[in-house]
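Here is a set of short exercises to work through with the sequence and the model side by side. Try each task yourself before reading the solution below it.

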Amino acid sequence: MSAISRKICLIGDFGVGKTSLIRQYVDRQFSDTYLSTVGVKISRKLVQIFNAESPANQEIQLIIWDIEGSNKFKSVASSYFQGAKGAIIVGDLTQQETLNHITEHIDNFLLINPHASIFIALNKSDLIEVEYLEKLKKPYQFENKNQVLSTYLTSAKTGKNVDEIFQFLAHKLI
Ligand SMILES: Nc1nc2c(ncn2[C@@H]2O[C@H](COP(=O)(O)OP(=O)(O)O)[C@@H](O)[C@H]2O)c(=O)[nH]1
Ligand SMILES: [Mg+2]
């Protein structure tokens, strides 16, 4: 069976954990030492999609684009976004400024891909005390933005919600 391919982008400020999330998802690895991404790195992962209406499970090949981190989000080349059917926009729960920038990342991506599906990852949840997590998540639901489907508390370190966010995004791209 030949799988369909879909490009997705990881988007967010420098240091929020984009590269770490991909590494946890694709390679099942995490490193505390800084991972620098030079230019653009492309990873692939074959995902099984379970469909209740069809006996045959579908497969989708996720083509995951990771760009070198930058706080100058305006400077992200539109060619990086071009052709993407989905995006995971990442903020760091321990750095408020990166969360403030999520809206701009959403808007910049939708400018290029107005019909794409977006999930939000509020990452490094392992560094936050459990009782604060739901409260921190509340302002980042983006219910007024139709393309933003869901917000997850993630940890690239423990793996919390990492498979889930990629898997749910893949589901939306069939
Ligand atoms: N504790 C913790 N550290 C993380 C997590 N995700 C990333 N990091 C660390 O944050 C730093 C930046 O991660 P990186 O993936 O390079 O961020 P990027 O610039 O967005 O690609 C690295 O030192 C990672 O080890 C996480 O979920 N929890
Ligand atoms: Mg990176």
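The exercises below go from the sheet to its central strand, then to the helices and a few single residues; please keep in mind that this is a predicted model.

**Exercise 1. The sheet**

Work out in which order the six strands of the open sheet are arranged, and which strands lie at its edges.

*Solution.*
- Step 1: Trace the sheet from one side to the other. The order is E2-E3-E1-E4-E5-E6, and the pairing is mixed.
- Step 2: Look for strands that pair on one side only. These are E2 (40-49) and E6 (148-153), the edge strands.
- Step 3: Check the senses of the pairs. E2 and E3 (residues 58-67) are antiparallel and share 10 bridges, with isoleucine 42 standing opposite tryptophan 65 in E3. E1 and E4, by contrast, run parallel and are joined by four bridges. E4 and E5 are also parallel, with seven bridges between them.
- Step 4: Add the twist. From one strand to the next, it averages 25°.

**Exercise 2. Strand E4**

Decide whether E4 is enclosed or open to the outside, and find the bridge partners that tie it to the strands beside it.

*Solution.*
- Step 1: Count the buried residues. Seven of the seven residues of E4 are buried, so this strand is largely enclosed by the rest of the structure.
- Step 2: Separate the two faces. Gly86, Ile88, Val90 and Asp92 are buried on one side, while Ala87, Ile89 and Gly91 are buried on the other.
- Step 3: Find the partners. Cysteine 9 has alanine 87 of E4 as its bridge partner, and valine 90 is matched with alanine 121 in E5.
- Step 4: Follow alanine 87 further. Leaving out residues up to four places away in sequence, alanine 87 touches Ile8, Cys9, Ile11, Phe109, Ala116 and Ile118.

**Exercise 3. The nonpolar core**

Find which residues of the largest nonpolar core touch the most other members, and which elements contribute to this core.

*Solution.*
- Step 1: Recall the general trend. In soluble globular proteins, nonpolar side chains tend to be buried together.
- Step 2: Pick out the best-connected members. The core has 36 residues, and Ile8, Leu10, Ala87 and Ile88 touch the most other members.
- Step 3: List the contributors. At least two core residues come from each of E1, H1 (18-27), E3, E4, H4 (102-112), E5, E6 and H6.

**Exercise 4. Helices H6 and H1**

Describe how H6 is placed on the sheet, which of its residues are buried, and how H1 packs against it.

*Solution.*
- Step 1: Place H6. This helix (residues 162-172) lies across E1 (4-11), E2, E3, E4 (86-92), E5 (117-123) and E6, at about 175° to E5.
- Step 2: Find its buried residues. They are Val162, Ile165, Phe166, Leu169 and Ala170. Because they cover an arc of only 130° around the axis, they sit on the same side of H6.
- Step 3: Connect this to helix geometry. An α-helix has 3.6 residues a turn, so residues three or four places apart point the same way.
- Step 4: Bring in H1. The axes of H1 and H6 are 9 Å apart and the packing angle is about 85°; the two helices are therefore roughly perpendicular to each other. Leu21, Gln24 and Tyr25 of H1 meet Val162, Asp163 and Phe166 of H6.
- Step 5: See how covered H1 is. Seven of its 10 residues are buried, namely Lys18, Thr19, Ser20, Leu21, Ile22, Gln24 and Tyr25. These residues pack against E1, E2, E3, E4, E5 and H6.

**Exercise 5. Positive phi and a residue after H6**

Locate phenylalanine 142 and asparagine 161, state whether each is buried or partly exposed, and then do likewise for leucine 173.

*Solution.*
- Step 1: Start from the general rule. Most residues other than glycine have a negative phi.
- Step 2: Take phenylalanine 142, in the loop between H5 (130-137) and E6. Its phi is positive, about 50°. With 18 other C-beta atoms within 10 Å, phenylalanine 142 is partly exposed.
- Step 3: Take asparagine 161, in the loop between E6 and H6. Its phi is also positive, about 60°. Here 20 other C-beta atoms lie within 10 Å, so asparagine 161 is buried; the cut-off for buried is 20 or more.
- Step 4: Finish with leucine 173, in the segment after H6. Leucine 173 has 19 other C-beta atoms within 10 Å and is therefore partly exposed. Apart from neighbours within four places in sequence, its contacts are Arg6, Ile60, Lys85, Gly86 and Ser117.

Conventions:
Residues are numbered from 1 along each chain as its sequence is written. Chains are lettered from A and ligands numbered from 1 in the order in which they are written. This is a predicted model: local features need pLDDT of at least 70, side-chain atom pairs count only at pLDDT 80 or more; totals for chains, interfaces and linings use all residues. Two strands pair if DSSP finds at least two bridges between them. Axes are lines fitted to C-alpha atoms, for helices over the stretch in contact, and angles run from 0 to 180 degrees between N-to-C directions. Two residues are in contact if their C-beta atoms, placed from the backbone, lie within 7 Å. A nonpolar core is a set of buried Ala, Val, Leu, Ile, Met, Phe, Trp, Tyr and Cys residues joined through C-beta atoms within 7 Å. A residue is buried if 20 or more other C-beta atoms lie within 10 Å of its own, exposed if 12 or fewer, and partly exposed in between; C-beta atoms are placed from the backbone. The arc is that of the directions from the helix axis to the C-beta atoms. Angles under 35 degrees count as roughly parallel, over 145 as roughly antiparallel, 65 to 115 as roughly perpendicular and the rest as oblique.
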